[in-house]
Amino acid sequence: GNAALFSAAGASTPASRLQAGSEGKRKSLEARANMCALASGFTTVARRVRARNPGESSVQDPGQTGPTMVGALSRAGPEKVRTKVEAKKFEAELCSFQELVNIENNPTMLSEALQRLQHTVGGPNFAWEKVDGYGDRYGGAVDVTYELILWYEGVDVADEKTRITTGISFMHCPGVAYIYQPVVPVVSLMISPRTSMRPMFDMDPRSFHTFKLAWRHYLDFGVSDYRIIVGDQLERWTERCKKIIERPLNTVYWLMLMVGSYYHEVLVTRRVLNPIFEPPDTAPIICVDSFVALSTLLFSPERQVLFAGIDPTPSYLQWLQYIGDQHSERKEGKNFRTKPGTLFETNEFLDLAVIVVYYGRIQQKVKESTLLSWVANPPLVKTYIAKYMEDNRCGAQLEQAIRLYTVSCAAGRRTSEQGDETWYCWNGLHVCDIGVPMPSTQATFLSPFVVTKPVALHC
C-alpha cells in the first residue's frame, strides 16, 4: 500500500522538476512521500544516494537506520540522484477470540479463497503429518510455518531472517476440551404449511378430507379407523399440528455432529484412526406406519427427532443412531481418552434425548444398504448429510454447522524450552466454551407437508 501511495506521489511530478539542483523541490517531494507512508502507519526515512560513476564512490546522506519497504524515484539530470523511502515499523492489531468467532460473514468464491491462501498452503511452510507407509495422505496434525525478518530500529544491527511455527492437532490432546453451551439461535428456519396442506394446520371445512389425503401415502389405515381416531377429534389434531410448527426449526447442532462424522471417516481412510465396528444404538428407531404411532409421536412431550425420510436404508438409520448418540462413550473416562480419537469427539456435547423417525419400509436390496457401509466411506457420509438436509429442509444451516465444527475441532501446541508440549484451545486456555444454537427438531417428521424459510429472531 505504501509503495502504491509513494509511486502515486511521484507520478504526479514531471521528471524535469526532479533536477538535483532543485533542493527545495527535492525536500518537498520527500516530505510528500513521508506523509504518504505515515498515513498508513509506517515510520519512514529518506535517503539520498548519488549514483556511482566510473572511478567515483557513492555518497549517501546520513539518516536513521531501520527496515525497509516501498520504492524509489529516478531523477533526471547529470548526477541521476535517486531518492529511496523505507518503512520501519509494523504493529499488528490484536484480535480477541470473541472477534475471531464472531467475524463478519463475507461469502467468497472457492477459487478466490484458494488463490488467496496459495502462498500459505503451498511449499514447505504448510507441512501435514504423514502416515507411515501410506504415501502422501494427510494425517491428524499440521505445522504452519511463517517466514519472518527481524528489523532493529535505531540500532546498527543487520536484519535477521527467522521463522515461527504453529503446531495444530485434530486428534485428542490431554487436558483440552471444548464445551458446547446452548444459546438462543440468531437465525432459524420458520416453518409454514404448504398451500395445499394448510387445512391440516387450521380448522377448515376441508380439514377432514385434507388430513385423510395427506396421510394415506404414509400410513396404513382404513376408513373406519380414520373416523374413530381422527374424525371425532379433528380439531384437536389440527391444533396440535399447528402448535408444533409454531416453534422455529434449528438443526445446526445435529449438522455439526454430521460434519464431524464425515471428517472422522476421512481420517479412518487415511489410517489415522481405527474404524468403528460396534456403533452405538441407544437412540430408538420408530416407524410411523399407523395413526396409533402418529398419535404417540404427535402428542408426546417435546423431544429431539432425527427424521430419516421415506424408505431409508438400514445403513442410513444406523448412521443416524450414531449421530444421535452424541459420542456418549466419552463418559467412560480414562478408558476412552486413552484410545486414539479426534479432539472433536472428546468435547462436551449437550447429551439430548433423541429418536429416529421414518415413514415407509426399510430398503434391504439397495446398494450400500449393508450395516456399517458408511464406515471408512466419506463419500457415502456426504450423501447421507445431503439426504438429511433434503428430508428435513434445513440446507440453509449447514454453513453455520461447519463453522462451529471448525472452531472446536483443533488445538494449538506450545513447546517450552525444555521441549515439553502443552496444548491449548484457540482462546489460549485448556477449556473453551462455545455457544451452539439449541436444536429444535420435533416438527421435522411433518416435513412432507411444510416449507421452511430462514428468519432472524428478535429479542
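In which loop, between which strand and which helix, does Ala-376 lie? Select Ala-376 in the viewer and follow the chain to either side, and you will find this residue in the loop between strand S11 (354-359) and helix H12 (378-392). The model is a predicted one, and the tour that follows should be read with that in mind. At Ala-376 itself, phi is near 60°, a positive value in a residue other than glycine. With a relative accessible area of 36%, Ala-376 is partly exposed.

**The whole chain**

Before going further, zoom out and colour the model by secondary structure, which shows 13 helices and 15 strands in the chain. Of its 459 residues, 40% count as buried, while the chain exposes about 25900 Å², with carbon and sulfur atoms supplying 54% of that area. If you display contacts with a separation of 6 or more, 74% of them are accounted for by residues 24 or more positions apart in the chain.

**The parallel sheet**

Now return to S11 and add strands S9 and S10 to the selection, which gives an open sheet of three strands in the order S9-S11-S10, with parallel pairing. The edges are formed by S9 and strand S10 (304-310), each of which pairs on one side only. From one strand to the next, the twist averages 25°.

Focus next on the pairing of S10 with S11, which runs in the parallel sense over five bridges. Show Val-305 and look across to S11, where Ile-355 stands opposite. Then move to Val-356, also to be found in strand S11, and draw a distance to Val-305: the two C-alpha atoms are separated by 5.9 Å, although the residues are 51 apart along the chain.

Is Val-356 buried or exposed? Its relative accessibility is 0%, and Val-356 therefore counts as buried. To see what surrounds Val-356, select its contacts while leaving out residues up to four places away in sequence; among them are Ala-283, Pro-284, Ile-285 and Ile-286, together with Leu-306 and Ala-308. Leu-317, Leu-320 and Gln-321 also touch Val-356.

**Helix H10 and its crossing with H8**

Add helix H10 to the view, and you will see that H10 lies across S9, S10 and S11, running at about 165° to S10. Next, bring in helix H8 (residues 252-269), whose axis comes within 9 Å of that of helix H10 (residues 314-325), the two crossing at roughly 115°. H8 and H10 are therefore roughly perpendicular to each other, and their crossing is right-handed.

Side chains are worth displaying here. On the H8 side, the residues to select are Trp-254, Leu-257, Met-258 and Ser-261, and these meet Trp-319, Leu-320, Tyr-322, Ile-323 and Gly-324 in H10. Leu-320 will be familiar from the previous stop, having been listed among the residues that Val-356 touches.

**Helix H13 against H8**

Keep H8 in view and select helix H13 (residues 398-406), which packs against H8 at an angle of about 60°, with the axes 8 Å apart. H8 and H13 are therefore oblique to each other, and H8 passes H13 in a right-handed crossing. In H8, Val-252, Leu-255, Met-256, Val-259, Gly-260 and Tyr-263 take part in this packing, meeting Leu-398, Gln-400, Ala-401, Ile-402, Leu-404 and Tyr-405 of H13.

From H8, continue along the chain to Arg-271, which is found in the loop between H8 and strand S9 (285-287). Phi of Arg-271 is near 60°, which is a positive value in a residue other than glycine. At 58% relative accessibility, Arg-271 counts as exposed.

**The antiparallel sheet**

For the last stop, hide what is shown and select strands S4, S5, S6, S12 and S13, which form an open sheet of five strands in the order S4-S5-S6-S12-S13, with antiparallel pairing. Strand S4 (126-130) and strand S13 (421-424) are the edge strands, each pairing on one side only. On average, and with direction ignored, neighbouring strands of this sheet are turned by 30° against each other.

Within this sheet, zoom in on strand S5 (residues 138-150) and strand S6 (residues 160-169), which pair in the antiparallel sense over 10 bridges. Which residue of S6 is the bridge partner of Leu-148? Select Thr-162, and you have that partner in view.

How values were computed
Residues are numbered from 1 along each chain as its sequence is written. This is a predicted model: local features need pLDDT of at least 70, side-chain atom pairs count only at pLDDT 80 or more; totals for chains, interfaces and linings use all residues. Side-chain values use heavy atoms; hydrogens and water are left out. Helices (H or I, at least four residues) and strands (E, at least two) are DSSP runs, numbered from the N terminus. Buried means under 20% relative accessible area, exposed over 50%, partly exposed in between (1.4 Å probe, protein chains only). Contact means heavy atoms within 4.5 Å. Accessible areas come from the Shrake-Rupley method with a 1.4 Å probe; for residues, only the protein chains shown count as cover. Two strands pair if DSSP finds at least two bridges between them. Axes are lines fitted to C-alpha atoms, for helices over the stretch in contact, and angles run from 0 to 180 degrees between N-to-C directions. Angles under 35 degrees count as roughly parallel, over 145 as roughly antiparallel, 65 to 115 as roughly perpendicular and the rest as oblique. A crossing is left-handed if the near helix is turned anticlockwise from the far one by less than a right angle, and right-handed if clockwise.
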